[in-house]
Amino acid sequence: MLEYLWLVPALPLAGFFALFVTEGRLPDKIVAVIGAGSVGLAALVALGAGMEFVESGEASYAQVLWTWMAVGTFTPSITLYLDPLSLVMTGVITGVGFLIHLYATGYMWKDHEEPEGLSRFFAYMNLFVFAMLMLVLGDNLLVLFLGWEGVGLCSYLLIGFYHRDPENGYAARKAFVVTRVGDTLMAIGLFLLFRELGSLDIQTALGDAGGLDAGMATAIGLLLLGGAVGKSAQVPLQTWLPDAMAGPTPVSALIHAATMVTAGVYLIARMKGIYDLAPIAQLAVAIVGLVTLFISSFTALTQTDIKRILAYSTMSQIGYMFMALGVGAWSAGIFHLMTHAFFKALLFLASGSVILALHHEQDITKMGGLWRKLPVPFASMLIGSIALVAVPLTSGFYSKDAILLTAWEHDTGPWFWAGGVLAALMTALYTTRMMVVAFLGETKTESHDASRINMWGPLVVLAMLSIGGGWLTFSVLDDLLGAIDHIPHTHPAALVTVVLPLLGILLGYFVFSGRMNVNSLVESSLGGALRRFWQSGWAFDWVYDRAFVKPFLWVARVNKGDVVDLLFRITAAVTRGLHHIGALTQTGRLRWYAANMAIGLIVVVLIVASV
Amino acid sequence: MILFVVILALLAAGVVAWASERLSKDAPRLVSIVAFGAGLIWSAALWLDGADAGGLYAAMDWPWIARFGIHLALEMDGLSLLMVALTMFLGIVAVVSSWDEIESGHGFFQFNILWVMAGVVGVFTAMDLLLFFFFWEVMLIPMYLLIAIWGHEEKAYASMKFFLFTQISGLLMLFAILALVYVHHGATGEITFSYKALLGTEIDPRIATWLMLGFFVAFATKLPSVPVHTWLPDAHTQAPTAGSVILAGILLKTGAYGIIRFAVPLFPEASADFALWAMLLGTVSILYGGAMAFSQSDFKRLVAYSSIAHMGFILLGVYAFNELGMQGAIVTMVAHGFSTAALFMMAGAIQQRLHTREMSEMGGLWTHAPRMGTMTLFFVIASVGMPGLGNFVGEFLALLGAFQENWLMAVVATAGIVVAAVYGLYLMQRSFQGTPNPDIASMRDFGLREMSVMAAMMAGLVWVGIYPQHVLELSNATIQTLGVLP
């Protein structure tokens, strides 16, 4: 199967192409078969190729397709490169991706504005899967960049899928432009990398990276981090992700939880060789992760829209992954990427079922008591939640603990561990709040669950993965990124790490079910101000609006007429003025001409005489 | 010989098209299509045949005014072939894009299109400076007429502005040509306008700088670069669709071509000293053009300003003086030809259907015309610089090349890709997305004729985007022989 590796990205691309050229004229059933089927087949091929790869025992497998362009020594080739890291990513993208596509065949069935909407939706989704696969399989940073921009494009298209509402368009453009700021930094990183190492081939460049001086390595590391921060919605480029929830829920699950937003984590892990040489850049990765983790978990506590809660939660979980890479827990970071893909996709899809059952109600304060009416979504949400909170024995527990217990031993002291554990407590609080407010208590709305097997089937599979995904012994990455190696669970710090989230659940349950009255705290002036501050996402949007958006709009408004043109308009006006003055002398009166002639003659004579 | 025949054939086709109007109003445009189609097939045949040992696909050299050493010297190397093929292709696009737009003077309209393109082919192949200048003027007059006769509300102003900018800057070039010939005569005692003879002329560096500037200003005006760009938004906006397609698709490229073929090789040292300023102009064009594009409320004017931004990458790439930058500039010429021609065609199609170019009067057009929406989306994405499509290859190479020479300039210019996203997506939003405008009951979508042209341009962009090697090989032959690279 390994020689058919090219089929893995080619199948979704073919799906896209088929849907694109038929312009939505295919019946919806066939659209669904093409849309989900192409990704399903890709998953099967990936599985076969992956098994053969693991059996072969080789460290990597490369499949050269063609030389993209050749200019002098710049000869990036389109090569697929399979190693344990890209194998894990490919598995997540095609596997989880297929489940989400399958779910979407139910969710989107009636949920589009135009007759050809379903076709357009799956065309974009398939294109996304293709781009995401190129991102992780590309052996050259330029090919990676192709995937990188491609997933950004599909994210834009799908956030704005319901294009009649201008707010969705705004959210889509915001996502594209903000991430493009990061992409620009990344592009500059590529220019620098090429100048220093003479190649954008990842393996070649990393092989030669030893020759880089520390300053250059740091610069490259920080520039690539800039790209990662944009795509993975980390501080300071995180502001687009909550708005991106305007897209259909399967999109949020696939792009804004399981795959695209983890591309930054992949990029940094892939470029480990650079960060090994640049401890400052690596520390910056950890700090970005910790800060994001902190900011977003507090914000999640104050949101009322179920998808925005999950969006902030995604930001914070990716913050864990960044922190993991930053503190040297490379494998654990990728491990958490995988388990997070399982349980966050589950949470999003289950919330999608809730939203559909409530006719597009997303405000948790208007839900309540749903567990009776919506047992399957409730059970799925519950399983996803305990994995998110990292309750022992769930998948999230294994991966998150591996990160935190490595962080304990970081050179700078246990600061990252302490921040991570505090955020884990917050995670427990906001997750419990979401579950208690939406599913327990009194019923407040009508609901009816219309989901069929293509919708609850994926939920069941993802639920099993969310529970059991951590029991997979995660050693495939040991050779590439180093084995998971942390303090034993008998250590006192480990005890705190495990127990604190459980306390968070208890505390959350008592507070949000009303058994413990904290109103005086919340309604105090300080409490209220803090809550509003958190709710706004720590005022990042407010600041960016004033620092960048408003000035740009102002310039655009005042300079609509192009100030440079003034130069030419003035020239033209002066010329025209001179023309009018000159024309004034043409009066047609003979006396006037004669007088002028006489005066002119006198002047000439005077000049001649004076010489 | 064949080159001369092709130019004459285009001129003759213009006359035939004009005369054929008596038969029917379709006859003139059929003549044009056949002429450009034959030209395209001919260029493809030349390409498949391959170049001779000297890297030429066709060449001729006849004495014209022997006393002054003026020759009818035409040559086609890789770069020329690339540009001529693009000319022929965009000729077809131009004719199709104005199919329903022109209401009177069908014959004379096609005459002008064919004569512009004949001039363009001459510009791309002339090997004699006076002949080059002659063709430079030949393409100006019919273009002026296209805007002045078939343009929109402010056609008189726009066409006059276009004429004056081109003419005045062209005059500077003429002075520079004559001065160069004079200097050459002083050094060798020979009067010649031959490009190859003049190539190695020894010139006093101070004089060389002025002569180089004479060429540069003419080409930078045509390109155009900030600050001599202001004719372009008016000319594009007011021109009929075919005129905009030709202007953006091919006439701007004559400026880029002139820089690559003449300004730099004739004055290598002066150009090298000037490189920093030229790169600065390119960078300013990228950012200023992008910001101006965002300011516009007129669909067509927005696209026009975006051209200024894209042309900035050409200056940046050429004056990086390395292979990467030069190839980036050339690929940008080709890719921009496709993407902008398509967007102007779209602007024309919308104006014809809604009788407005104001985006505030559009909105939600996707609902009425999903095909037009999809096409706009595609070409907007291409011009935003999406990898996999041609524009990305050009702009990435130009930036990569520029970075090797002047990293700071390249870094600032790279910010232009964020601006491109801002105005590109805003264009999409205001025209095709958002709440459908209740004043628009319906809008006819693209049919087979429009879609075939669009499909051809999409294929072109994908081709250049995922396998630009064909373009790169053609231009590489030229770049290597121009002697502009260290």
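**A walk through chains A and B**

A:A539 counts as exposed, because just 12 C-beta neighbours fall inside 10 Å and the cut-off for exposed is 12 or fewer. This comes from a predicted model. A:A539 is not a glycine, yet its phi is positive, at about 60°. Look for A:A539 in the loop between helix 24 (525-535) and helix 25 of chain A.

Chain B offers a counterpart. B:F321 is likewise not a glycine and has a positive phi, here about 55°. B:F321 sits in the loop between helix 12 and helix 13 (323-354) of chain B. Is B:F321 buried or exposed? B:F321 counts as buried, because 21 C-beta neighbours lie inside 10 Å and buried begins at 20.

Now step back to chain A as a whole. Its secondary structure comprises 27 helices and two strands. The C-alpha trace of chain A spans about 115 × 60 × 60 Å along its principal axes. Of the 611 residues in chain A, 56% are buried. Take the contacts in chain A with a separation of 6 or more: 81% of them join residues 24 or more positions apart.

The domain assignment splits chain A into three parts. Domain 1 covers 1-182 + 237-266, domain 2 covers 278-516, and domain 3 covers 561-610. Domain 1 is thus written as two segments. Between the centres of domain 2 and domain 3 of chain A, taken over C-alpha atoms, the separation is 82 Å.

Next comes the contact between the chains. Chain A contributes 36 residues and chain B contributes 41 residues. On the chain A side, four helices each supply at least two residues: helix 5 (141-159), helix 6 (166-197), helix 25 (540-558) and helix 26 (563-584). Which helix of chain A gives the most to the side that touches chain B? Helix 6 of chain A does, with 13 residues. By residue class, the chain A side holds 19 nonpolar, seven polar and ten charged residues.

Inside chain B, two helix pairs are worth following. Two packed helices are described by the angle between their axes and the distance between the axes. Start with helix 2 (residues 27-49) and helix 3 (residues 78-97) of chain B. Their axes come within 9 Å and cross at roughly 155°. Angles over 145 degrees count as roughly antiparallel, so helix 2 and helix 3 of chain B are roughly antiparallel to each other. Helix 2 of chain B passes helix 3 of chain B in a left-handed crossing. On the helix 2 side of chain B, the contact residues include B:I33, B:F36, B:L40 and B:W47. Among those they meet in helix 3 of chain B are B:V84, B:M88, B:F89 and B:I92. Glycines take part too, including B:G37 and B:G39 in helix 2 and B:G91 in helix 3 of chain B. The contact of helix 2 with helix 3 of chain B divides into twelve nonpolar, five polar and one charged residue.

The second pair is helix 9 (residues 231-238) and helix 12 (residues 299-318) of chain B. Here the axes come within 9 Å and cross at roughly 140°. Why is this pair described as oblique? The angle of roughly 140° makes helix 9 of chain B oblique to helix 12 of chain B, because it is not over the 145 degrees that would count as roughly antiparallel. The crossing of helix 9 past helix 12 of chain B is right-handed. Helix 9 of chain B brings B:L232, B:P233, B:H236 and B:T237 to the contact. Helix 12 of chain B brings B:K300, B:R301, B:A304, B:Y305, B:S307 and B:I308. These residues divide into five nonpolar, three polar and two charged.

Follow chain B back from helix 9. The loop between helix 8 (205-222) and helix 9 of chain B holds B:P224. The peptide bond from B:L223 to B:P224 is cis, with omega near -10°. B:P227 lies in the loop between helix 8 and helix 9 of chain B as well. A cis peptide bond also joins B:V226 and B:P227, with omega about 5°.

End at B:P205, in helix 8 of chain B. B:P205 is exposed, with 10 other C-beta atoms within 10 Å. Which residues does B:P205 touch, not counting those up to four places away in sequence? B:P205 touches B:E269 and B:A270. B:P205 and B:A270 are 65 residues apart along the chain, and their C-alpha atoms are separated by 6.8 Å.

Technical notes: Residues numbered from 1 in each chain as written. Chains lettered and ligands numbered in written order. Predicted model: local features only at pLDDT ≥ 70, side-chain atom pairs only at ≥ 80, totals over all residues. Domains from an automatic or database assignment. Contact = placed C-beta atoms within 7 Å. Nonpolar A, V, L, I, M, F, W, Y, C, P; charged D, E, K, R; others polar. Axes fitted to C-alpha atoms, helices over the stretch in contact; angles between N-to-C directions. Parallel < 35°, antiparallel > 145°, perpendicular 65-115°, else oblique. Left-handed = near helix turned anticlockwise from the far one by under 90°.
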